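Welcome, and thanks for taking a walk through this model with me. Please open the structure in your viewer and keep the sequence at hand.

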Amino acid sequence: MDEAKKTKDGKPVDAGVSMPHDKGYKKSLSRPEEFLHFLKKYIGADWMLELRASDLILCDKEMLERDYEGREADLLYRVGMPDGKEVYVFILQELQSSVDYTMIFRILMYVVNTLVKHFLDTDKNTRERAGFRLPAMVPIVFYNGQERWTAVTNLRDYQRGGDIFGNHILNLEYYLVDLAQVEEEYILSTNTVLDNIMYCDKFRKKLELAGAIRRAYGRVEGLGRQELEEFRNWVKYILLSVCGDKLAVVEEILSWAGNGEDDMAFKYNIVRMFEEEREEGKAEGKAEAILDLLGDVGAVPEALREKILGQKDLEILRGWLKLASASRTVEEFENLFMK
């Protein structure tokens with residue numbers, strides 16, 4: 001059998017749901033009012049609290065700079081402060097299971113590249129005046145992994161001996177929103193599409209995720225047609241990531257939503273599909289166990305391997321498992337297998 005997948009630190013990857021790098025977060029956070037809600041609720045720095053949605057302008061993709069590996073930040077906002085000054089706020093979505101320990105260096109590259117571009121795009125006479133100042137750059141990292149974020153959050157700590165030089169070395173720090181550390185009930189204390197996506201995203205075990213979707217779906221129904229459609233699309237991404245290419249099944253489930261009918265079928269069928277997927281997982285596990293037993297007594301022909309892996313009936317697989325455990329050779333198993 002293939003070795004279990006592991007994280008960078010050698011830890012086994014959670015065998016639950018593998019969340020895609022979905023567009024749900026980016027779409028929600030691309031709306032100034034939703035991004036402002038995220039800032040005020042999940043970061044809550046004093047300077048954010050007086051901002052209005054009209055103070056935020058989403059910048060064009062062309063303004064997004066790249067890090068040392070050529071990756072762009074996810075979103076960049078130009079923010080008008082109450083005193084008339086402008087700052088730039090950019091967010092990086094770490095939608096993965098493992099911690100990126102190079103994050104602060106990535107952010108340094110984004111900041112430097114953006115400020116160099118701004119400096120060079122400014123008229124030479126303007127940038128050489130005594131009063132010229134670069135815009136402030138405010139980085140945010142949003143992380144949805146299950147293991148705690150343990151990477152350093154400031155550049156001083158990323159430099160060897162950085163703690164002894166005080167303000168005489170380069171430093172910057174990012175705001176961190178670590179989803180695993182945010183309490184479920186706090187997320188549910190307000191009701192936006194983003195809140196509900198974040199709530200569901202806390203769950204990796206499939207049936208727990210199904211329950212979270214059911215709860216969030218009932219909340220989103222009261223927000224409006226556009227919000228409901230946005231949430232349904234996110235659910236669709238998740239269901240497809242769990243259930244492979246069962247697009248027709250997913251579409252059938254989603255067709256129950258938003259059409260005025262009782263949504264109990266929608267909720268029931270989500271659970272049913274997870275259960276079916278879990279049963280398929282059991283079948284694959286039993287097939288692998290049979291092949292392991294046979295591998296101990298000889299080489300398994302490819303045709304026999306394919307038949308065993310292709311069988312999904314658990315009762316048949318249980319019988320084959322007993323045969324495999326009792327067989328002294330692969331040939332003996334094959335003879336009994338063909339009866």
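Are Arg31 and Glu34 buried or exposed? Arg31 is buried, and Glu34 is buried as well. Keep in mind as we go that we are looking at a predicted model.

Let's stay with this charged pair for a moment. The side chains of Arg31 and Glu34 form a salt bridge, with 2.9 Å from N to O. Arg31 also has a salt bridge to Glu230, this one at 2.6 Å from N to O. Arg31 sits in the loop between α1 (24–29) and α2 (32–42), while Glu230 belongs to helix α9 (residues 225–243), so this pair ties together parts that are 199 residues apart in sequence. Glu230, like Arg31, is buried.

From here, follow the chain into helix α2. Eight of its eleven residues are buried, so α2 is largely enclosed by the rest of the structure. If you would like to colour them in, the buried residues are Glu34, Phe35, Leu36, His37, Phe38, Leu39, Lys41 and Tyr42. Just after the helix comes Gly44, which takes a positive phi of about 70°.

What does α2 pack against? One partner is α7: the two helices pack at an angle of about 60°, with their axes 10 Å apart. That angle makes α2 oblique to α7. On the α2 side, the contact involves Glu34, His37, Phe38, Lys41 and Tyr42, and these meet Val193, Leu194, Asp195 and Met198 of α7. Glu34 therefore deserves a second look: it is named in this contact, and its side chain is also in the salt bridge with Arg31, given that a salt bridge is a side-chain nitrogen of Lys or Arg within 4 Å of a carboxyl oxygen of Asp or Glu.

Two other residues of this contact are charged partners too. The side chains of Lys41 and Asp195 meet in a salt bridge at 3.5 Å, N to O. Lys41 lies in α2 and Asp195 in helix α7 (residues 193–201), so the pair links parts that are 154 residues apart in sequence. Both Lys41 and Asp195 are buried.

Now turn to the strands. Eight of the nine residues of strand β3 (residues 86–94) are buried, so β3 is largely enclosed by the rest of the structure. Strand β2 (residues 75–80) pairs with β3 in the antiparallel sense over six bridges, and one of the matches sets Tyr77 against Val89 in β3. The two strands form a hairpin with five residues between them, and Gly84 in the turn has a positive phi of about 95°. β3 also pairs with strand β4 (residues 136–143), this time running parallel and joined by eight bridges. Here Glu94 has Tyr143 in β4 as its bridge partner.

Glu94 leads us back to the charges. Together with Asp67, Glu69, Arg71, Asp100 and Arg106, Glu94 is linked in a network of salt bridges. Across the structure there are 19 salt bridges.

Finally, how many disulfides does a search of the whole structure find? It finds zero. As for individual cysteines, Cys59 has a relative accessible area of 10% and is buried, and Cys200 counts as buried at 0% relative accessibility. Both values fall under the 20% cut-off for buried, which is why the two cysteines are classed that way.

Definitions and conventions: Residues numbered from 1 in each chain as written. Predicted model: local features only at pLDDT ≥ 70, side-chain atom pairs only at ≥ 80, totals over all residues. Heavy atoms only, no water. Buried < 20%, exposed > 50% of the residue type's maximum accessible area, 1.4 Å probe, protein only. Helix = DSSP H or I, 4+ residues; strand = E, 2+ residues; numbered from the N terminus. Pairing = 2+ DSSP bridges. Disulfide = S-S within 2.5 Å. Axes fitted to C-alpha atoms, helices over the stretch in contact; angles between N-to-C directions. Parallel < 35°, antiparallel > 145°, perpendicular 65-115°, else oblique. Contact = heavy atoms within 4.5 Å.
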